[in-house]
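Here is a short report for someone meeting this structure for the first time. Please keep the sequence and the 3D view at hand while reading.

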Amino acid sequence: MLTVHHLGISQSERIVWLCEELEIPYELVRYDRDKVTRMAPAAYKALHPMGIAPVITDGGLVLAESGAIIEFIIAKYGQGRLAVGPTRPNFADYLFWFHFSNATLMPAGMLDLVNVMLGLPADHAMMNALRARGDLAFKMMEERLSEVDYFAGIEFTAADIMMLFPLTTMRAFAPRDLSPYPHIRAYLQRIGERQGYQRAMAKGDPGMTPMLG
Ligand SMILES: N[C@@H](CCC(=O)N[C@@H](CS)C(=O)NCC(=O)O)C(=O)O
């Protein structure tokens, strides 16, 4: 049985959401963050050597990393649904946005988080130079979503499942004003209307209002 280990308010919301979109059977095990440190509790850390969410277990397999888990579930349980293959015209778009999320956008968000935690002055030259990458990323996403409804093109795909966390829940840790980005905001509303997303958030983080605004 596929088991999704979900750490509250974390990137493992992606995996719960994927399972709900695919409508596959899975067991959901929830863990709350440590009340003091806000990190994963010891029981979660014991699951995998990295001790970070998401983690799935499947028989004897223990697998971490959002992208690896999503590809694994789509291939093994989803008959390839929500992925885009090499024969499709938007294959490269799918790959780009699927990987852009964790390879560029999340590091930019982490930098914002570090900036908040360190309380650096607004005119800190080095930090501002580094954070310019995040601003470029938001500009590029806004342009993309002014052209198409979903990151990989006209259809909803796993690239959207990768991309949503840094646009939503990550802002609980590293706030970002979305008012300059009307197409990103419209996209978030579109995603919020999906029943799979609504079910996932209700099951995974019942106490949290999804950050779609
Ligand atoms: N690249 C990893 C990042 C995982 C990650 O940073 N997870 C965070 C939650 S968003 C975590 O587990 N934090 C709790 C901790 O470090 O104890 C992935 O996408 O799976």
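The report covers the pocket, the ligand contacts, the salt bridges and some backbone details.

**The pocket**

This is a predicted model. Its largest pocket holds about 720 Å³ of space. The lining of that pocket is made up of 27 residues. Nearest its centre lie Q11, R33, I52, A53 and M110. Helix 4, residues 91–118, gives the largest share of the lining, with 7 residues. Sorted by class, the lining has 17 nonpolar residues, 6 polar ones and 4 charged ones.

**The ligand**

There are 14 residues around the ligand. Of these, A40, K45, A53, S66 and N102 come nearest. A53 is also one of the residues nearest the centre of the largest pocket. Contacts of ligand oxygen atoms include one with A40, where a polar backbone atom is 2.8 Å away. With A53, the partner is likewise a polar backbone atom, at 2.7 Å. With K45, the partner is an N or O atom in the side chain, at 2.7 Å.

**Salt bridges**

The whole structure has 13 salt bridges. Three of them are set out here.

| Pair | N to O distance |
|---|---|
| D112 and R131 | 2.7 Å |
| R176 and D112 | 3.4 Å |
| K139 and E143 | 3.5 Å |

Start with D112 and R131, whose side chains meet in a salt bridge. D112 sits in helix 4 and R131 in helix 5, residues 125–147, so this pair ties together parts that are 19 residues apart in sequence. Is D112 buried or exposed? D112 is buried, at a relative accessible area of 7%. R131 is partly exposed, at 26% relative accessibility.

D112 has a salt bridge with R176 too. This pair links distant parts of the chain, 64 residues apart. R176 is in the loop between helix 6 (158–167) and helix 7 (182–192), while D112 is in helix 4. R176 is buried as well, with a relative accessible area of 16%. Which residues make up the network of salt bridges? The linked residues are D112, R131, D135 and R176.

The pair K139 and E143 lies within helix 5. These two residues are 4 apart, so about one helical turn separates them. K139 is partly exposed, with a relative accessible area of 48%. E143 is partly exposed too, at 41%.

**Backbone details**

A cis peptide bond joins A53 and P54, with omega at about 10°. P54 is in the loop between helix 2 (42–45) and strand 3 (55–58). A53 therefore turns up in three settings: beside the pocket centre, next to the ligand and at the cis bond.

Now look at phi. R38 is not a glycine, yet its phi is positive, at about 65°. R38 lies in the loop between strand 2 (27–31) and helix 2. R38 is partly exposed, with a relative accessible area of 42%.

Q79 is not a glycine either, and its phi is positive at about 50°. Where is Q79 placed? Q79 lies in the loop between helix 3 (66–77) and helix 4. At 68% relative accessibility, Q79 counts as exposed.

Terms used
Residues are numbered from 1 along each chain as its sequence is written. This is a predicted model: local features need pLDDT of at least 70, side-chain atom pairs count only at pLDDT 80 or more; totals for chains, interfaces and linings use all residues. Side-chain values use heavy atoms; hydrogens and water are left out. On a 1 Å grid over the protein atoms alone, a cavity is a set of points where a 1.4 Å probe fits but cannot get out, and a pocket is an open set with protein on both sides within 12 Å along at least five of seven lines; lining residues have an atom within 4 Å of a point. Grid points are joined across faces, edges and corners, and a volume is the space filled by probe spheres set on the points. Ala, Val, Leu, Ile, Met, Phe, Trp, Tyr, Cys and Pro count as nonpolar, Asp, Glu, Lys and Arg as charged, and the others, Gly among them, as polar. A salt bridge is a side-chain nitrogen of Lys or Arg within 4 Å of a carboxyl oxygen of Asp or Glu. Buried means under 20% relative accessible area, exposed over 50%, partly exposed in between (1.4 Å probe, protein chains only). A residue is near a molecule or strand if one of its heavy atoms lies within 4 Å of it. A polar contact is a pair of N or O atoms within 3.5 Å; within protein, one must be able to donate a hydrogen and the other to accept it, and residues adjacent in sequence count only if both atoms are side-chain atoms.
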